2 protein chains.
Amino acid sequence: MKNVADLAGVGVKTVSRVINRERHVSEATIARVLQAAEQLQYQPDVHAGNLRRADRRTGTIGLLVGNVANPFSAAVHRAVEDAALERHIAVFASSLDDDADRERASIEAFLRRRVDGLILTTVHHSQAYLGGELEQGTPLVFVDRRPNGIVADTVLTNNAESAASAVGHLAEHGHTRIAYLGDNEEIFTAKERKRGYLEALRRRGITPDERLITDGLTDDAKTAVAVSDMLALDDPPTAIFSAQNLITIAVIVALRRVGLEHQIALVGFDDIPMADLLSPAVTVVAQDPSAMGRIAARRIFERLDGNTGPARDFVVPSRLIQRGSGEIRA
Amino acid sequence: MKNVADLAGVGVKTVSRVINRERHVSEATIARVLQAAEQLQYQPDVHAGNLRRADRRTGTIGLLVGNVANPFSAAVHRAVEDAALERHIAVFASSLDDDADRERASIEAFLRRRVDGLILTTVHHSQAYLGGELEQGTPLVFVDRRPNGIVADTVLTNNAESAASAVGHLAEHGHTRIAYLGDNEEIFTAKERKRGYLEALRRRGITPDERLITDGLTDDAKTAVAVSDMLALDDPPTAIFSAQNLITIAVIVALRRVGLEHQIALVGFDDIPMADLLSPAVTVVAQDPSAMGRIAARRIFERLDGNTGPARDFVVPSRLIQRGSGEIRA
DNA sequence: TTGAAAGCGCTAACAC
DNA sequence: GTGTTAGCGCTTTCAA
């Protein structure tokens, strides 16, 4: 900057004014400074500026998701990025892989880099350690999962309600023996979806059968076992509600292996790629990750713009997409 | 930092030493400083430090891809992130959407934030504007597409060769009327893949038929038209080579609409999700985006560690995955 | 409209 | 082992 000032024959402050488009600089000086900057290929250093600037904003936010390579996370990421672009904000992204240590390490790494805000899908059992930051005014918006031990803005799918609608849909097609296949119950979303499943059964006077309920399906092999165990029952399920996209895919594979994919109804939570090209096409309750990311980003910006209201929940509705597998009758 | 120093009853430099784990500090002082830092919830500011630090590294790299929500880009991103994590480097990610203006804007935004290096899949017709940065020592690694107007490290799939192997595979199954459906020919990868297609035909003495070759399929509707036009020929193709994943999916849809998916052979370039659950399962030449991202990140780090050798090409081989659609005989 | 001086939070260099 | 001083590249404050 000094070099540019010397070359243009002005003081550093004038260069600063030109770069930041402040007023009260004559056209002639502006032109001279710009020309000098161009000639020296000058790139301002935002961090040096932020050190002294009043608002201390870095124009950067951090995004923590499950896995940037997972379509759900990727859609959230993309939506956040698009919203950030409008405000010239850069996005740090990090995958957590359900690893609580990684969560804390990533957050610390971002905080050290002085991000203006954080959008996070967390895995640690408590986010109380973020209380200090929140009080200091760093905007925090949680996506998909509610934080524990702290009250903050949260963007959520109406998990229980959506799950209930999926199960209700199966019941409407004559099913009473509806299986539940879900993820680890410690995960907020998994718990909610199971709650919705049970609620839907209750509402229709169907007594839950523990043999038709399996949690903790963290890999395909476990899901395959769970499906074949259920099918081996004297009174096997005639329909399946799978509470997560990877589980849905594993269920499809398992049903095909025994040739029952056209006999047993299936509704999945979360959309899966190519769902309409499979046979049968897969009925799902689809979340709206783009909307979730967009809403989270907007909320961060509201907070950065001075909104200090109480923490809010933003509920993003999901949508039942009927494609075939969920419309198989009992 | 000053506050921590005061509370611990030491000088700021000692705090700095403790934070940076330098030697020559007594255990007792370390403990006192750490305790004070904890009490004040002190978070060091990396940017302030980097301002004065000798190497001026920010521990940050920028990643520019087509679209973080596209599975190929997402896989590259994930691999880059994993490699970066080991070195405690944070990753800025940005989608370009084949928009040249966005390319320049994103790069400038990252450079202003003083990223240590850049991994990029570019879209602008020339990257000559990056020559200055490269000379100044900012490591640049291009992924998937070679830059124009500048010589720099590049990680590539062997596009032509892979396309040729796909077409050869179809020829080995008795096909001589093999269609080519590809993206805009201005894109480096599209051009290379078409070259491979033509080369494979030539090698087997098959004369290319212009009516079986269509470029510029930038959306599904165009692909649908191209497929139905070809099928309406007096001597329609008996096999199709689709040069990009989105095109492959559109071709599948088009073939199904006329019920020919089990009659006409298909090999796609790039893997597609759920490929093995479709009927027929889809044969592809699959790229290895994870390997590409990993290699790109490693190269950046090599450069950061002082390697100043000439720019290199890194060729990542692809793999033919036979699943059914490509093994349909003529 | 412009510039000089001070200072943001930290580290380099050197002194003790 | 530890502290002091200067200065990184910029913006603020205030004077001209």
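Taken over C-alpha atoms, the centres of domain 1 and domain 3 of chain A are 65 Å apart. The assignment behind that number splits chain A into domain 1 (2-39), domain 2 (48-157 + 289-315) and domain 3 (159-286); such bounds come from an automatic or database domain assignment. Keep in mind that this is a predicted model, where local features need pLDDT of at least 70, side-chain atom pairs count only at pLDDT 80 or more, and totals for chains, interfaces and linings use all residues. As for labels, residues are numbered from 1 along each chain as its sequence is written, while chains are lettered from A and ligands numbered from 1 in the order in which they are written.

**How the two protein chains relate**

Chain B lands on chain A after a rotation of 180° with 0.1 Å of shift along the axis, at an RMSD of 0.1 Å. That is the relation of a two-fold axis. The fit is by least squares on the C-alpha atoms of residues with pLDDT of at least 70 in both copies. Which residue of chain B has its C-alpha nearest the axis? Phe92(B) does, at 2.3 Å. Both copies use the same surface, with 100% of the contact residues of chain B recurring in chain A.

The interface itself puts 37 residues of chain B in contact with 37 residues of chain A (contact is when the C-beta atoms of two residues, placed from the backbone, lie within 7 Å). On the chain B side, H4, helix H5 (71-86), strand E2 (90-95) and helix H6 (100-112) each bring at least two residues. E2(B) has the largest share, six residues. Helices (H or I, at least four residues) and strands (E, at least two) are DSSP runs, numbered from the N terminus. By class, the side of chain B that touches chain A comes out as 20 nonpolar, 11 polar and six charged. For that tally, Ala, Val, Leu, Ile, Met, Phe, Trp, Tyr, Cys and Pro are nonpolar, Asp, Glu, Lys and Arg are charged, and the others, Gly among them, are polar.

**Around the DNA**

Now for the two DNA strands. A residue is near one of them if its C-beta atom, placed from the backbone, lies within 6 Å of it.

| DNA strand | Residues around it | Residues that come nearest |
|---|---|---|
| DNA strand C | 24 residues | Gly11(A), His24(A), Met1(B), Ser16(B), Gly49(B) |
| DNA strand D | 25 residues | Met1(A), Ser16(A), Gly49(A), Gly11(B), Thr14(B) |

For DNA strand D, the elements giving two or more residues to the surface are H2 and H4 of chain A together with H2 and H4 of chain B. On the DNA strand C side, helix H2 (12-19) and helix H4 (46-52) of chain A, plus helix H2 (12-19) and helix H4 (46-52) of chain B, each supply at least two residues. The surface near DNA strand C holds 10 nonpolar, eight polar and six charged residues; the one near DNA strand D has 11 nonpolar, eight polar and six charged.

One backbone oddity is His24(B), which has a positive phi of about 65° without being a glycine. His24(B) sits in the loop between H2 and helix H3 (27-39) of chain B.

**The six-stranded sheets**

Chain A has an open sheet of six strands in the order E7-E6-E8-E9-E10-E12, with mixed pairing. Strand E7 (213-214) and strand E12 (319-321) of chain A are at the edges with a single partner strand each, so one side of each has no neighbour in the sheet. Helix H8 (residues 159-172) of chain A packs on this sheet, touching strand E6 (178-181), strand E8 (239-242), E9, E10 and E12, and its direction makes about 170° with that of E9(A). Axes here are lines fitted to C-alpha atoms, for helices over the stretch in contact, with angles running from 0 to 180 degrees between N-to-C directions.

Strand E9 (residues 265-269) and strand E10 (residues 283-286) of chain A pair in the parallel sense over three bridges (two strands pair if DSSP finds at least two bridges between them). Phe269(A) is opposite Val285(A) in E10(A). The loop between E9 and E10 of chain A contains Pro280(A), and a cis peptide bond joins Ser279(A) to Pro280(A), with omega about -5°.

Over in chain B, an open sheet of six strands also reads E7-E6-E8-E9-E10-E12, with mixed pairing. Strand E6 (residues 178-181) of chain B pairs with E7(B) in the parallel sense over two bridges, and Leu181(B) has Thr214(B) in E7(B) as its bridge partner. Ser279(B) and Pro280(B) are joined by a cis peptide bond, omega about -5°.
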